[in-house]
Amino acid sequence: MPEDALLEVTTLNKAFGTSTVLHDVSLTVRKGEFMTLLGPSGCGKTTTLRIIAGFESPDGGRVRLSGVDVTDVPSYERDVHTVFQHYALFPHLSVADNIAFGMRMDKVPEAEIRTRVPEALSMVKLSGFEARRIQSLSGGQMQRVALARAIAGRPAVLLLDEPLGALDLKLRKEMQLELKGLQKRLGIAFIYVTHDQEEAMTMSDRIAVFNHGRIEQVGTPGEIYEMPKTSFVADFIGGANIFSATVLAGAEGRARLMLEGEHELDVPLDPYESLPAVGKRVKIAIRPERVKVFYKDELPFGLIRFEATLKDTVFLGDACQIYLQMFKKAPERLTIAWAGGDRYAVHDDLDVPVIAAVQPEDVYILEEDHD
Amino acid sequence: MKKSRGMGLYCAGVFGFLYLPLAVMFVFSFNDARRNVVWKGFTLKWYSALFQNTDMMAAMLTSVELALSAAAIAAVIGMLASYAMVKHKPFRGRSAYDALLSVPLMMPEVALGVGILTFLVRAGYELDFFALACSHALICLPYTIAAVRARLISLQESSLEDAAMDLGATEWQAFVKVTLPLARPAIISGALLSFTVSFQDFVTSFFVAGIGIVTMPIKIYSMIKFGVSPEINALSVCLLLATFTLIALNAAFAVRPDEASRH
């Protein structure tokens, strides 16, 4: 475990009735880190958060906070506060009383509360809102009050359960940057749950990608994007073309693969990747934006070259999506490529022969899936 | 136009059917005649006779005390029962528990009255005021639970108790500082309903009231045995006004949409 570990979660298991929702989830969050738990709904990210908050107890595994085992400590004695998905503000209390609630429970002197409430409000840019009723606030303002209430008690860790889910897109984008800025200023570790991969990429120091109750990969946004370990991660973050391949040979950090039984290619391995056994079937991923489409056979040196047929193009405004048929044995299997937003650079003629090309290092060999 | 006029007539018919008998009673409570059927002129003498009738006033007081006690008992038990139903994870026999709590609503009151009476006599418990108040609380309970449970479910969905505990409140503090104040309008509304149910109850009181306990409905029943006096019309009008007041209060206390926490 790293020395600056603040929160350690080890081999959490949890089942509701007969369905297992968490399977050996282990995670370390460092001091002052913005950690995002990312995954589709029902992947276990919210359950993990609720276990850290103390609202659920795990069937197995431990939660340690600042080196102390808090697995059996009730939520009200944990130095952890939560920003709830639907804010959970107390409608019978004013904005100031909502923010003071936690401090009053902790028996903070009233004089100190009177200075800390405006402080918390100014941090979320709601100065002067002390006396307002919760019912009179807009969604974005309620979001900010919920945030102020959670940070006012200065917890060691702040948990955020899809806090921006109910806001409209423009406000969400603004709040993303603001939250990130606030987190850096406060130096509190944030554990942020979301299903929005773009949100995760924008805000996080590190991302833990969840799927079916397991963590598939933990890493910085760059690592997750550039070196996805599993087909789920590759596909969930940014989208990917996933193919199956057979290992033909391998040596000195390179592997020779037979792609979908018809294309041979030679790819470098990432430093952490071990050499797969010869003859093994693996999955590989190629990012759509790394697939280059050429209309004439004049490739730069060093690219892997595929003969392909142009099947469809979709103009998306900032980019163009191109569907290619690359495999004769599996013609229904289309490869997606991205081109820049210049729509005139993309041909309108369909069913014409083109050349698709990728850099060898843009081909990732994936680990086996769990299921 | 034609259609809405038809609808208007239909509505007038329904309201007439519901309220015409009450209107007749209201008018004849001011009728200066012993016999009800003929209008002889306006008078308030039946009202003054009513308020000078000490038996009648005593019965009124008994009914009010009884209704207050029953409403209070039902409010406490109803709140706790609803809290248990909403708060606890599904347990074995929970649907039976839910159903049993609303049985008094569907059960013939005669059966309930006989049952309570038999039980109390068997148990050797004297048929006193407290026994009657508890019996009334029993028939009020489904109303309290209906009012409170709906409110608690919406509170539960907005994770307010979780939020309170997350901020350092113990389970008890979360209940007292968050759940109880937010459930208060529903508790009051349930209590007002209970008050009306208890106040107008005849059947259960008829079975369970011991000697010397005369509630208002029992008093009216015993007076009718000697013929319908216009005094009874006056009394009924008073009861009617009291009931309308309670219904209006209940509407005022009912949870307004903006009071419920937003989702």
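**Figure 1. Chain A combines eight helices with 20 strands.** Helices (H or I, at least four residues) and strands (E, at least two) are DSSP runs, numbered from the N terminus. This is a predicted model, in which local features need pLDDT of at least 70 and side-chain atom pairs count only at pLDDT 80 or more, while totals for chains, interfaces and linings use all residues. Residues are numbered from 1 along each chain as its sequence is written, chains are lettered from A and ligands numbered from 1 in the order in which they are written, and side-chain values use heavy atoms, with hydrogens and water left out. The C-alpha trace of chain A spans about 75 × 45 × 35 Å along its principal axes. Of its 371 residues, 49% are buried, where buried means under 20% relative accessible area, exposed over 50%, and partly exposed in between (1.4 Å probe, protein chains only). Take the contacts in chain A between residues at least 6 apart in sequence: 66% of them join residues at least 24 apart. Contact here means heavy atoms within 4.5 Å.

**Figure 2. The surface and charges of chain A.** About 16,800 Å² of chain A is exposed, and carbon and sulfur atoms supply 51% of that area. Accessible areas come from the Shrake-Rupley method with a 1.4 Å probe; for residues, only the protein chains shown count as cover. Chain A carries 42 positive and 54 negative side chains, with the centres of the two sets 5 Å apart. Lys and Arg count as positive and Asp and Glu as negative, leaving out His and the chain ends; each charge is placed at NZ of Lys, CZ of Arg, CG of Asp or CD of Glu.

**Figure 3. Chain A meets chain B.** Here 25 residues from chain A and 23 residues from chain B take part in the contact. Together the two chains bury about 2,100 Å², 63% of it on carbon and sulfur atoms. Three residues to look for are A:Tyr76, A:His92 and A:Met105, which supply 27% of the area that chain A buries against chain B, more than any other three residues. Buried area is the accessible area (1.4 Å probe) that two parts lose on being put together, summed over both.

**Figure 4. Chain B has eleven helices and zero strands.** Its C-alpha trace spans about 70 × 65 × 30 Å along the principal axes. Among the 263 residues of chain B, 41% count as buried. For contacts in chain B with a separation of 6 or more, residues 24 or more positions apart account for 72%. The accessible surface of chain B is about 14,800 Å², and 70% of it belongs to carbon and sulfur atoms. Chain B has 20 positive and 16 negative charges, whose mean positions are 10 Å apart.

**Figure 5. B:Asp201 sits in a loop between two helices of chain B.** Those neighbours are helix H8 (171–200) and helix H9 (203–208). B:Asp201 is buried, at 2% relative accessible area. Its side chain makes a polar contact with the side chain of B:His136 at 3.2 Å, and a polar atom of the B:Asp201 side chain lies 3.1 Å from the backbone nitrogen of B:Ser205. A polar contact is a pair of N or O atoms within 3.5 Å; within protein, one must be able to donate a hydrogen and the other to accept it, and residues adjacent in sequence count only if both atoms are side-chain atoms. Not counting residues up to four places away in sequence, B:Asp201 touches B:Glu109, B:His136, B:Ile139 and B:Pro217.

**Figure 6. B:Ser222 lies in helix H10 (residues 216–224) of chain B.** With 26% relative accessibility, B:Ser222 is partly exposed. The side chain of B:Ser222 reaches the backbone oxygen of B:Lys219 at 2.8 Å.
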